Amino acid sequence: MDFSCHAVAGPLSERPGVDFLAGIDLNMACVGSQLILSMEIAPASLPKRIARVIVRGGGLLWGIICCLAEYIFRRAGGKLSEQTRIDVLHRWSRLTLPRMGLRIEVTGSPLDAGLIASNHLSYLDIIVYSAIAPCAFVSKREVRAWPAVGWIATLAGTIYVDRSRRSETHTIQPEIQSALAGGLRLFLFPEGTSSDGSRVLPFHSSLFQPAVDLKMPVSVASIAYAIPDGVAGTEACYWGTMRLFPHLVNLLGKHSIIAKVSFSPNTFLFTDRKQASLKMHEEVEHLRCSNVEVTQ
């Protein structure tokens with residue numbers, strides 16, 4: 001395995017506890033023992049949760065409309081560059097998330113340009129990472145069909161991969177290579193799907209080939225969610241056969257949502273995609289487990 005690593009020491013942020021489900025007519029078990037911690041905030045009354053959904057849903061709708069309007073306005077003046085597209089998504093993600101009751105806590109900083117591999121938990125991931133810094137994404141094809149988030153992600157130039165077709169990962173490699181060659185900061189979700197956050201799923205190694213070919217730097221990030229009056233593994237994470245609208249309504253009714261993002265200080269250059277996949281999986285899992293250990 002040939003890679004170079006440049007490490008800078010940096011503390012990992014403390015991850016708050018999550019507690020038992022307090023949803024609106026939902027009854028879902030927590031997956032992953034580390035996701036079940038003592039309750040911090042008692043569930044709000046139903047009228048209060050409904051009020052939160054209305055106010056925060058309005059904030060989300062405002063952000064979507066404004067983002068789409070800016071895309072349309074700028075597109076009327078000519079074809080948009082990839083950098084302009086991701087700048088628009090960055091601006092409106094940063095303005096919209098607080099209106100949804102979501103706060104971001106960040107440790108470290110992302111690469112200025114290159115590939116960043118991350119675990120994938122929710123439809124929130126794209127908005128959270130975009131709010132932190134202008135960036136493009138490689139994500140599962142299902143995201144394209146998600147109302148609002150999918151529309152905006154597509155306009156921002158997200159590269160989609162069909163995880164049900166093995167050949168698809170090879171087909172999109174030129175698009176990934178073009179984004180990296182253009183000097184973009186590109187977030188990759190190499191698991192190919194989202195999960196409950198209890199572990200990092202295996203990575204698709206072929207998605208690392210463009211970075212290997214271009215000798216581009218590769219690093220990792222880890223994302224986790226905490227809900228003071230709920231269970232992040234089922235109420236912030238979106239996976240399996242969950243339905244988007246009920247999930248979102250329940251989430252917007254929570255007291256608050258905290259997105260915990262850690263960026264690794266380590267940067268790698270690889271000459272083999274399989275080694276890249278294994279090492280980046282190890283790095284993401286290390287970040288995730290470090291956050292769990294700090295909490296306990």
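Q: Is Glu-283 buried or exposed?
A: Glu-283 counts as buried, because its relative accessibility is 9% (buried means under 20% relative accessible area, exposed over 50% and partly exposed in between, with a 1.4 Å probe and protein chains only). This is a predicted model, in which local features need pLDDT of at least 70 and side-chain atom pairs count only at pLDDT 80 or more, while totals for chains, interfaces and linings use all residues. Residues are numbered from 1 along each chain as its sequence is written, and side-chain values use heavy atoms, with hydrogens and water left out.

Q: And which residue does Lys-279 form a salt bridge with?
A: Lys-279 pairs with Glu-283, and the closest N and O atoms are 3.8 Å apart (a salt bridge being a side-chain nitrogen of Lys or Arg within 4 Å of a carboxyl oxygen of Asp or Glu). Lys-279 is itself buried, as its relative accessible area is 16%.

Q: Why are Lys-279 and Glu-283 separated by about one helical turn?
A: Because they are four residues apart in helix H10, which covers residues 273–295 (helices, H or I of at least four residues, and strands, E of at least two, are DSSP runs numbered from the N terminus).

Q: What about Arg-288 and Glu-285, then?
A: Their side chains also meet in a salt bridge, at 2.8 Å or less, to be exact 2.6 Å from N to O.

Q: Where do those two lie, and are they buried or exposed?
A: Both Arg-288 and Glu-285 lie in helix H10, three residues apart, which is about one turn of the helix, and both are buried.

Q: How many salt bridges does the structure hold?
A: There are nine salt bridges in the structure. In helix H1, for instance, Glu-70 and Arg-74 are four residues apart, so about one helical turn separates them, and their side chains meet in a salt bridge with an N to O distance of 2.8 Å.

Q: What is the exposure of Glu-70 and Arg-74?
A: Glu-70 counts as buried because its relative accessibility is 14%, whereas Arg-74, with a relative accessible area of 36%, is partly exposed. Together with Arg-91, Glu-70 and Arg-74 are linked in a network of salt bridges.

Q: Changing topic: how many cavities of 30 Å³ or more are there?
A: The structure holds four of them. On a 1 Å grid over the protein atoms alone, a cavity is a set of points where a 1.4 Å probe fits but cannot get out, a pocket is an open set with protein on both sides within 12 Å along at least five of seven lines, and lining residues have an atom within 4 Å of a point. Points are joined across faces, edges and corners, and a volume is the space filled by probe spheres set on them.

Q: What lines the largest cavity?
A: The largest cavity holds about 160 Å³ of space and is lined by 14 residues, of which Ile-64, Leu-89, Ser-93, Ile-127 and Ile-152 lie nearest its centre. H1, helix H2 (82–96), H3 and H4 each supply at least two residues of that lining. By class, the lining has eleven nonpolar, three polar and no charged residues (Ala, Val, Leu, Ile, Met, Phe, Trp, Tyr, Cys and Pro count as nonpolar, Asp, Glu, Lys and Arg as charged, and the others, Gly among them, as polar).

Q: And the largest pocket, what volume does it have?
A: Its volume is about 330 Å³. The lining of the largest pocket comprises 18 residues, with Leu-60, Ile-64, Ala-148, Phe-245 and Leu-248 nearest the centre, and by class it has 17 nonpolar, one polar and no charged residues.

Q: Which helices supply at least two residues each to that lining?
A: Those are H1, helix H3 (124–132), helix H4 (149–155) and helix H9 (244–252).

Q: Phe-245 came up there, so is it buried or exposed?
A: Phe-245, which is found in helix H9, counts as exposed because its relative accessibility is 62%. Its C-alpha is 9.7 Å from that of Trp-146, although the two residues are 99 residues apart in sequence.

Q: Where does Val-55 lie?
A: Val-55 lies in helix H1, and its C-alpha is 8.9 Å in space from that of Leu-252, with their positions 197 residues apart in sequence. At 59% relative accessibility, Val-55 counts as exposed.

Q: Last one: what is phi of Lys-215?
A: Phi of Lys-215 is near 55°, a positive value in a residue other than glycine. Lys-215 sits in the loop between helix H7 (209–214) and strand S7 (218–226), and is exposed, with a relative accessible area of 63%.
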